[in-house]
Number of protein chains: 2
Amino acid sequence: MTGKWEKIDGHLATPAGFRIAASSAGIKKAASSLDLALIFSEAERTAAAAVFTINRAAAAPVVLSRANLKSTAGRARAIIANAGNANAATGNAGYKAATAIARGTARLLQIPAAQVLVASTGVIGVPLDFGCIQAALPALCSSLSANSGDEVARAIMTTDTYPKTCTLRAQIGGKPVHIAGVAKGAGMIHPRMATMLAFITTDILIAPRELQRALRLAAGASFNRITVDGDTSTNDTVFVLASGLSQVSAGRGSRAAKIFLEGLTMISVELARMIVRDGEGAKKLVTVGVRGARTAADADRAARAIANSLLVKTAVAGSDPNWGRILCAAGYSGARFDPSKTDICINRMDLCRRGMDTGFNEAEARREMDQSEVAIIVHLHAGKFSAALWTCDLTHGYITINASYRT
Amino acid sequence: MTGKWEKIDGHLATPAGFRIAASSAGIKKAASSLDLALIFSEAERTAAAAVFTINRAAAAPVVLSRANLKSTAGRARAIIANAGNANAATGNAGYKAATAIARGTARLLQIPAAQVLVASTGVIGVPLDFGCIQAALPALCSSLSANSGDEVARAIMTTDTYPKTCTLRAQIGGKPVHIAGVAKGAGMIHPRMATMLAFITTDILIAPRELQRALRLAAGASFNRITVDGDTSTNDTVFVLASGLSQVSAGRGSRAAKIFLEGLTMISVELARMIVRDGEGAKKLVTVGVRGARTAADADRAARAIANSLLVKTAVAGSDPNWGRILCAAGYSGARFDPSKTDICINRMDLCRRGMDTGFNEAEARREMDQSEVAIIVHLHAGKFSAALWTCDLTHGYITINASYRT
C-alpha cells in the first residue's frame, strides 16, 4: 500500500497535530445553527498555503489572510471561519472586524495574531457583528478536539445541502501520512474560486513554499475546473495547513513530495466534485470533456463555454439530448475547429457525428441523461489537446434559492 | 419635423417599394402556425447589408446569405425566412436546402438567386424539410402585399410571446423617408447576435457600402448590447434592404446620411429592447449602466459581467435589492476600480455608497425593483467612461422553457 492513497471514514482532524471545533455564534438567522469553525495545529512550525478569489472586491478576511501569510512567510497555526455573513463590501469596519477576530483567537490559543487565518462566507454588504463571534471564542477554543470534522463542515455551510469532508491516508516510507479536507460551496461557483471555502490539513512535513506550489497545482486541477453559475465570489479561499508531525518529509523533488501532490490533488478533486454536485438547485453532476482541440487553450475555451451555457445546463436538467446547444456553445467559445468534423456523445451514446445527427434513439438518450452523473464528450478532430470541467444542471431550484436568498 | 424620426403605427411594408407575405408551411409543430415569411423589394437597385452571428458553427442560411451578399456586392431584393427549424448543424444537406429555397424564391420573383437572402430560426441539428417550404412558395409569392407586417413578425417567432415590429418616418429635404423593422428573439440572446433575427426595410437611397457601415454602427449600439442568457446562436442575422424609392439620397457624409443613421439606430434599439423584454421567461427589462470607468473597455467589461450574472438576474427576478452581487460581478469583470469608492443605485435609489450599504429602506427598494423596468447604475469613480447594456431577469419561466424545448 506504500504511496497509494485510500479514502477513510473519519474526521477532518485525523492528521497528527490538529484539533478542531465548531459552535453557534448567532450569525446565521436560524438560532442554534452552527456558524463558527476553528482549526488549530499544535505544531509550532506548521506550514500554510492558500489560494484566494481573484475578485477585485475581495472580502476583508481574504485581504487579512493574504497579508498574514505574507508576513509570516507561510506559517499559520489556526483557521477561524464563520458562515452567515461574508464580511465583504463592509469597508474599514469589516477589516477591523476580521482583525479583531484573528486577535481574539490568537490570544486564546497563545499564538501570534499573524498566524491566524480568517475566512467568512454568506451575504455580502452587511456589517459583520463580530461582538457575537468574540463572545463565542472562549468556549470554542476550549472545546477543541480531534472529533468534530462533521460539525466543522456544517458550520461553514450556507445554501449547501450536506457537509463536505474527505480524508485520505497513505504509507510513505513505512509511516502513515494523512490529508483531511472540508469544503463548502453552492452558489457563485466558478473556476477561479467562488463562494467556496476549503480547508485542508495534513501531517506531512513540508516547507511553506513547496506547500504553496503543490496547492497551486492541485487547485488548478480541481477547484479551478468547476462552475455552478459563472460568478466568482468575493470570498473564495482554499487553505492548507501542514503540521509535519507524520515525520515524513516532502522535500522538493522527493518521492514523498510527488505522492503528497497526488493526494492533495485527489482530495481537492473530491471536494470540488462535492461542491458541484451540491450546486444550488443541482440534481446532476456534469463532466464536460473536450478532446481533439488544436491547443490546450482551445480545449479549455470550448469546455468552459459548454459548461457555462445556460441552454446546455437547462437541457441537462430536462434530460433533453439537445446536442445542437453543445455544438453551438463550442462554436462561440473562440476555439478553432470545423463543426462539420465534430463528434458529440453523452455518456457512451453518440448523438452527433461529423456535425450531424446520428439518428440516435431519443428514449435511450433521455435515459442516459436521467443519470445522476452525465458526461458530455466533444471531439473536435482539430488536434490532440483535451480539457475537462465539472458543472451541474440548472434547475428551478437555483432560481428559487437565488431569487429569495437575502430578503 | 424635418430630420426628426417619429414612430408610426403601421406595417413593415411602409417603406416605398416593399411588399411582404407570410404563410404556414408546416415546419412548426403546431399546424396552421405561421412559419414562413417573405420580404420583397420592387426596386431593381435595392441595397442590402447584414450582420451575422460570429458563431463558428454558423447555420447554412448564414453561410449562404453571406456568400450571396458578397457575390452581388450588396444588392439583394428578397428575404425568405422560416421559423421552427434553424437549419444549423445539418451538413451539406442543410446548405443544399438553403440554396434550393433561395432558387425557388428567385424563380417565382423573377430575380437572380444570389439576390435572395435566407434566414432560419428554431431547433438546431434537425434536417430541414425544404419540400414543404418549396410547396408553400408559389402561394406565398402571389400573396405579397403592403399590409402583412404583423403576420411576418409572427411567422419568424419561436418562443417569443409577441410579434416585434417598429416603423419610423421622417421628412428629409421635404420628402418622406421610412424605416420599418421586424425582429424575433427569446433565447440564446447575447451581445454578438443570437437566435435573434431582425429584418429592416427602408426607402432611402443609399449605396450598399454606406448601408453596411450604418448597420454596423447601429447594431453596435443596439443588438450587440443586449443579453438574455449569454449564448451566441448559430443563426443570428440582421438584414437591411434599402429600395431608394423615397428619392432621398444618403450620400456619404451628407445630412441625410446622418439622419438615416439616427433612424436606423433608433429602430435597432427599439427592436433590441423588445427582444430583451420578451427574453425567455423574462418579466423585467433591466438596463445596466456603468459610469466613471477608467477606459471604455473597463466600462463595457463591468456592464457585461453584471448583465450576465445569474445571481444579479435572479435577484432582479425576486426584487431583492442585493447590491453585493452587483459589486461582486463588477469585481470579477476585469475592470480596474476601487470597490471602496463605488456607488450603486437601482432606479433613483442609492443602495451602496463608497462600497458600503447606505442603510436604505428595504421595502422601498423592493418596490423600485418590482417595476417592469429596472435600471442598475454603478459608478466606479475611476475615470470618465461609461457603458450601457440591456438584459432581463432570470426566472422559473426560463428554466421551464429550456428544460423542455425540444422533446
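**Cysteines, symmetry and interface of a two-chain model**

Over all chains, a search of the whole structure, which is a predicted model, finds zero disulfides. A:Cys392 illustrates this result: the residue takes part in no disulfide, and the nearest cysteine sulfur, belonging to B:Cys328, lies 17 Å away. With a relative accessibility of 1%, A:Cys392 is classed as buried. A second case is found in chain B. The sulfur of B:Cys141 has its closest cysteine sulfur in B:Cys132, at 15 Å, which is too far for a bond, given that a disulfide requires the two sulfur atoms to be within 2.5 Å. B:Cys141 also counts as buried, at 10% relative accessibility.

The arrangement of the two chains comes next. A turn of 180° with a shift of 0.0 Å along the axis lays chain A on chain B with an RMSD of 0.0 Å. The two copies are therefore related as by a two-fold rotation axis. Within chain A, the residue that comes closest to this axis is A:His396, whose C-alpha is at 2.9 Å.

How many residues of each chain are in contact with the other chain? The contact involves 53 residues of chain A and 53 residues of chain B. Because 100% of the interface residues of chain A are interface residues in chain B as well, the copies meet through the same surface.

The size of an interface is often expressed as the accessible area lost when the parts come together. For chain A and chain B, about 4600 Å² is buried between them, and 60% of this area is on carbon and sulfur atoms. On the side of chain A that touches chain B, the elements giving two or more residues are helix 8 (310–317), helix 9 (323–332), strand 15 (356–357), helix 10 (362–369) and helix 11 (396–402) of chain A. Helix 9 of chain A provides the largest share of that side, with seven residues. As for polar interactions, nine residue pairs are in polar contact across the interface of chain A and chain B, both residues being at pLDDT 80 or more, whereas the count of salt bridges between the two chains is zero.

A local environment within chain A completes the description. A:Asn87 sits in the loop between strand 5 (78–85) and helix 2 (91–109) of chain A. Is this loop residue, A:Asn87, buried or exposed? A:Asn87 is buried, as its relative accessible area is 1%. The side chain of A:Asn87 makes a polar contact of 2.8 Å with the side chain of A:Thr90. Beyond four places away in sequence, A:Asn87 touches several residues, among them A:Ala59, A:Pro61, A:Ala97, A:Ser120 and A:Leu128.

Conventions
Residues numbered from 1 in each chain as written. Chains lettered and ligands numbered in written order. Predicted model: local features only at pLDDT ≥ 70, side-chain atom pairs only at ≥ 80, totals over all residues. Heavy atoms only, no water. Least-squares fit on C-alpha atoms with pLDDT ≥ 70 in both. Contact = heavy atoms within 4.5 Å. Buried < 20%, exposed > 50% of the residue type's maximum accessible area, 1.4 Å probe, protein only. Buried area = accessible area lost by both parts, 1.4 Å probe. Salt bridge = Lys/Arg side-chain N within 4 Å of Asp/Glu carboxyl O. Polar contact = N/O pair within 3.5 Å; in protein donor to acceptor, adjacent residues only side chain to side chain. Helix = DSSP H or I, 4+ residues; strand = E, 2+ residues; numbered from the N terminus.
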